[in-house]
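Colleague: I have the model open. Walk me through it, and justify the labels as you go.

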Amino acid sequence: MHDNSLRINFVTKKELLMRSTFKIAFYVNKSKEKNGLVPVLGRITINGSIAQFSCKQSIAHELWDAKSNRATGRSDRALKVNRTLDNIRAQITKHYQRISDREAYVNAEMVRNAWQGIGMECDTLLGAFDRHNAGFEKRAGKDRSQSTLYKYLSVRRHLADFIKSGYNRSDLHLKEITEDFIRDFGIYLHITLGLSSSTVWLYSIPLRMIVTKAHNSGIISTNPFAHYHLR
């Protein structure tokens, strides 16, 4: 029953992504002309949401083709501008595909910020585990036990497999973690993997710590563990 609900949820999200409109356009701002050159700007459009940015390039306005969104001619400046725009387009497209694969909702600002390096971690569950585990590993064998590190690494691995099998995604935003997610993960550990109830309880502790930390830092407004009790 739980698996079917997860599968139906995923199909809905997939269909929404297939219907999404993603577009990158470049243009020049003639009102900002200086020394015969105008700045080249970019615009990301996703389902009506718009985010603009500077390409940090300039070109003579008579060398700009608004229809093709490119500089014309074979001058060194025109070739450099076009190479830069091609690179920007490829990078933004990569970020869009990565975020779409992981997030239930994507807008233009999210993609622009990811490309510009703002909020690159996107506050995801596995990203939070990776940051925690990386710091924990440096202290393992000193003031942290190696066995506890193995437990966190195991939980992270099981979560990645669960998200992949249940949601067909590589990660989930922390805001998507609900009490149902926690319960379904416990069922996955107990029924699918055949782990004992005590092990399921043990593996819920790292997840609770990561989620509670996200709640305390304001990333998520409510703690899904607040009313969850492992039977």
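Modeller: Start with burial. This is a predicted model. Of the 231 residues in the protein chain, 41% count as buried.

Colleague: What makes a residue count as buried here?

Modeller: Its relative accessible area must be under 20%. On that cut-off, 41% of the protein chain qualifies. The exposed surface of the protein chain comes to about 13,500 Å², and carbon and sulfur atoms supply 52% of it.

Colleague: Which elements does the protein chain contain, and in what order do they run?

Modeller: The order from the N terminus is α-β-β-β-β-β-α-α-α-α-α-α. That is seven helices and five strands.

Colleague: Why is α5 called roughly perpendicular to α6?

Modeller: Helix α5 covers residues 146-167 and helix α6 covers residues 179-192. They pack at an angle of about 105°, with axes 11 Å apart. Roughly perpendicular spans 65 to 115 degrees. The angle of about 105° falls in that range, so the label holds.

Colleague: Which residues of α5 and α6 meet?

Modeller: From α5, V155, H158, L159, D161, F162, I163, S165 and Y167. From α6, F181, D184, F185, Y188 and L189. By class, that contact has nine nonpolar, two polar and two charged residues.

Colleague: Why is N168 called partly exposed?

Modeller: N168 has 34% relative accessibility. Buried needs under 20% and exposed needs over 50%; partly exposed lies in between. So N168 is partly exposed. This residue sits in the loop between α5 and α6. Its phi is near 55°, a positive value in a residue other than glycine.

Colleague: Where is N47, and what is its phi?

Modeller: N47 lies in the loop between β2 and β3. Its phi is near 50°, again positive in a residue other than glycine. The relative accessible area of N47 is 47%, so N47 is partly exposed too.

Colleague: What makes β1 and β3 edge strands?

Modeller: The open sheet has three strands, in the order β1-β2-β3, with antiparallel pairing. β1 (22-28) and β3 (49-59) each pair on one side only, and that makes them the edges. The twist averages 20° from one strand to the next.

Colleague: How do you know that β2 and β3 pair?

Modeller: Pairing takes at least two bridges. Strand β2 (residues 38-46) and β3 have nine, in the antiparallel sense. P39 stands opposite S58 in β3.

Colleague: Which helix packs on the sheet?

Modeller: Helix α3 (residues 108-115) does, touching β2 and β3. Its direction makes about 40° with that of β3.

How values were computed. Residues are numbered from 1 along each chain as its sequence is written. This is a predicted model: local features need pLDDT of at least 70, side-chain atom pairs count only at pLDDT 80 or more; totals for chains, interfaces and linings use all residues. Side-chain values use heavy atoms; hydrogens and water are left out. Axes are lines fitted to C-alpha atoms, for helices over the stretch in contact, and angles run from 0 to 180 degrees between N-to-C directions. Helices (H or I, at least four residues) and strands (E, at least two) are DSSP runs, numbered from the N terminus. Angles under 35 degrees count as roughly parallel, over 145 as roughly antiparallel, 65 to 115 as roughly perpendicular and the rest as oblique. Contact means heavy atoms within 4.5 Å. Ala, Val, Leu, Ile, Met, Phe, Trp, Tyr, Cys and Pro count as nonpolar, Asp, Glu, Lys and Arg as charged, and the others, Gly among them, as polar. Buried means under 20% relative accessible area, exposed over 50%, partly exposed in between (1.4 Å probe, protein chains only). Accessible areas come from the Shrake-Rupley method with a 1.4 Å probe; for residues, only the protein chains shown count as cover.
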